[in-house]
Amino acid sequence: MSTHRSRRPETAAGFVLDTSELGRRPGSMRAEHRVVPSPRRIGAEMVAIDEGADIDLDLRLEAVSEGVLVTGTVEADTTGECSRCLEPFEGNVSLPVTELFAYRDSETEATTEEGEVYLVEDDTIDLEPVIVDAVGLALPFQPLCSEDCLGLCPECGVRLAIAEPGHGHDILDPRWAGLAAKFGLDAAAGSDAGDKNDSNPEEK
């Protein structure tokens, strides 16, 4: 068994890794660490890794009988919009990776539906689709800037986190809203008057 760390620079080859040094000797391994700029926005609609953001890959490549097993972690900063208060926020995603890239002539490749397994192509493996799938599954569709985010006031839309203590609104009776706005009438009084008139029509 041989184990050594790649000496290639972090910027080389992006997500495509050369496996030729491993050969097809089960048990041979290579550690790989590199930082790759994201080729595009990766993630969900409201939170994602931005295009050009650094993606840190800390991986181990191991030759097995059926292909090349990749294990390790993928980490990157994220940006998003809170689904409650709609404010932008920054975060981080760190994912474990365990993926088999099968040889073209392996039993795994022969017995797996097309598109259901990643393949070793010309002694190289492409991690981009693996990372895209993993990040897409890990990031929430309704992200929060914080777990205790109070969201927005449903009446005026102000962020409740910055609203004055006791922030609230009188709910106008829609029958009196127009008059209240025109004459500055008290909403509650108008509502009471309306209820009174409705309940005692003969007093008009």
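This report walks through the fold, the nonpolar core, one loop residue and the cysteines of a predicted model.

Let's start with the overall layout. The chain has 204 residues, and 32% of them count as buried. Its secondary structure adds up to 4 helices and 10 strands. Going along the sequence, the order is β-β-β-β-β-β-β-β-α-β-β-α-α-α. On the contact side, if you take pairs at least 6 apart in sequence, 53% of those contacts join residues at least 24 apart. As for the surface, the chain exposes about 12700 Å², with carbon and sulfur atoms supplying 49% of that area.

Now for the inside. In soluble globular proteins, nonpolar side chains tend to be buried together. Here, the largest nonpolar core has 35 residues. Which residues have the most contacts inside it? They are Ile49, Ile55, Leu57, Leu61, Val70 and Leu127. Two or more core residues come from each of β5 (47-49), β6 (54-64), β7 (67-81), β8 (88-102) and α2 (128-138).

Ile49 is a handy place to zoom in. Leaving aside residues up to four places away in sequence, Ile49 touches Ser38, Arg40, Arg41, Ile42, Ile55, Ala76, Asp77, Thr78, Val93 and Val135. So what about Ser38, one of those partners? Ser38 sits in the loop between β3 (29-37) and β4 (42-43). Is Ser38 buried or exposed? It counts as buried, because its relative accessibility is 4%, under the 20% cut-off. With the same sequence neighbours left out, Ser38 touches Ile49, Asp50, Glu51, Gly52, Ala53 and Ile55. Ile49 and Ile55 in that list also belong to the residues with the most contacts inside the core.

Finally, the cysteines. How many disulfides does the structure hold? The count is 0. Two of the cysteines are set out below.

| Cysteine | Closest cysteine sulfur | Sulfur distance | Relative accessibility |
|---|---|---|---|
| Cys85 | Cys82 | 3.7 Å | 3% (buried) |
| Cys145 | Cys82 | 3.7 Å | 34% (partly exposed) |

Why does Cys85 have no bond to Cys82? A disulfide needs the two sulfur atoms within 2.5 Å, and the sulfur of Cys85 is 3.7 Å from that of Cys82, so the pair is too far apart for a bond. The sulfur of Cys145 also has its closest cysteine sulfur in Cys82, at 3.7 Å, and is therefore too far for a bond. As for their surroundings, Cys85 is buried at 3%, whereas Cys145 counts as partly exposed at 34%.

Technical notes:
Residues are numbered from 1 along each chain as its sequence is written. This is a predicted model: local features need pLDDT of at least 70, side-chain atom pairs count only at pLDDT 80 or more; totals for chains, interfaces and linings use all residues. Side-chain values use heavy atoms; hydrogens and water are left out. A nonpolar core is a set of buried Ala, Val, Leu, Ile, Met, Phe, Trp, Tyr and Cys residues joined through side-chain atoms within 4.5 Å. Buried means under 20% relative accessible area, exposed over 50%, partly exposed in between (1.4 Å probe, protein chains only). Contact means heavy atoms within 4.5 Å. Accessible areas come from the Shrake-Rupley method with a 1.4 Å probe; for residues, only the protein chains shown count as cover.
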